Amino acid sequence: MTNHLDGNVLAGALSEVFTADVTSARARCGGCGRMGALAEAMVYTNAPGLVARCAGCDQVLATIVDTGDRLILSLAGLSAIELTRPSRLVECWLFALVRADPAQIASTQRAASGT
Ligand SMILES: [Zn+2]
């Protein structure tokens, strides 16, 4: 089990299930308790699907099998996944940009810069 890729290879398959980029999420291994970015996992592609193993203890964290018409995902080896919500500042920016109101955008910029 030496030929593996890093967890970033999971991004495409997981983007079909999660709206956020889960590879940047922090996850806890159910075996050893190690917390780390899912991108740090060791991913093996020489299986019927993708197999992500813990970089600390080698436990299987996740498996993804794409059958064409179905995507079978198991996260059984993880005890937690920590996703970061967009900050309120980003939400304000998005709101301001969607409204395309120059006064609102300027106000948000002042708030962001603290002036
Ligand atoms: Zn582990």
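In the predicted model, R26 stands opposite A37 of strand 3. This pair belongs to the contact between strand 2 and strand 3, which run antiparallel and are joined by three bridges. Both strands are part of an open sheet of three strands, in which the order is 3-2-8 and the pairing is antiparallel. Strand 3 (35-37) and strand 8 (78-82) are the edge strands of this sheet, each pairing on one side only. From one strand to the next, the twist averages 25 degrees.

The protein as a whole contains three helices and eight strands. Along the sequence, these elements follow the pattern β-α-β-β-β-β-β-β-β-α-α. Of the contacts between residues at least 6 apart in sequence, 46% join residues at least 24 apart. Buried residues account for 18% of the 115 residues.

A second open sheet comprises five strands in the order 1-4-5-6-7, again with antiparallel pairing. Strand 1 (5-6) and strand 7 (71-74) each have a single partner strand and stand at the edges, so one side of each lacks a neighbour in the sheet. In general, the strands of a sheet pair through backbone hydrogen bonds, in either a parallel or an antiparallel manner.

Within the five-stranded sheet, strand 5 and strand 6 run antiparallel and are joined by four bridges. L50 stands opposite I64 of strand 6 in this pairing. The two strands form a hairpin with six residues between them, where D58 adopts a positive phi near 75 degrees. Strand 6 is also joined to strand 7 by four bridges, and these two strands likewise run antiparallel. T63 stands opposite S74 of strand 7, while V65 has I72 of strand 7 as its bridge partner. The hairpin of strand 6 and strand 7 has four residues between the strands, and G68 in its turn has a positive phi of about 100 degrees.

The largest nonpolar core consists of 17 residues, and those with the most contacts inside it are L10, L38, A41, V43, L50, A52 and L61. At least two residues of this core are supplied by each of strand 2 (26-29), strand 5 (50-53) and strand 6 (60-66). Such grouping follows a general tendency, since nonpolar side chains in soluble globular proteins tend to be buried together.

The surroundings of V43 illustrate the contacts of one core residue. Beyond its neighbours within four places in sequence, V43 is in contact with H4, L5, D6, G7, V9 and L10, and also with L50, V51 and A52. Among these partners, L10, L50 and A52 are themselves listed with the residues that have the most contacts inside the core. L50 thus appears both as a contact of V43 and as the residue opposite I64 in strand 6.

N3 lies in the segment before strand 1. This residue is exposed, because 8 other C-beta atoms lie within 10 Å, a count that falls within the limit of 12 or fewer for exposed residues. N3 and Y44 are separated by 41 residues in sequence, yet their C-alpha atoms are 7.0 Å apart in space.

Key
Residues are numbered from 1 along each chain as its sequence is written. This is a predicted model: local features need pLDDT of at least 70, side-chain atom pairs count only at pLDDT 80 or more; totals for chains, interfaces and linings use all residues. A residue is buried if 20 or more other C-beta atoms lie within 10 Å of its own, exposed if 12 or fewer, and partly exposed in between; C-beta atoms are placed from the backbone. Two residues are in contact if their C-beta atoms, placed from the backbone, lie within 7 Å. A nonpolar core is a set of buried Ala, Val, Leu, Ile, Met, Phe, Trp, Tyr and Cys residues joined through C-beta atoms within 7 Å. Two strands pair if DSSP finds at least two bridges between them. Axes are lines fitted to C-alpha atoms, for helices over the stretch in contact, and angles run from 0 to 180 degrees between N-to-C directions.
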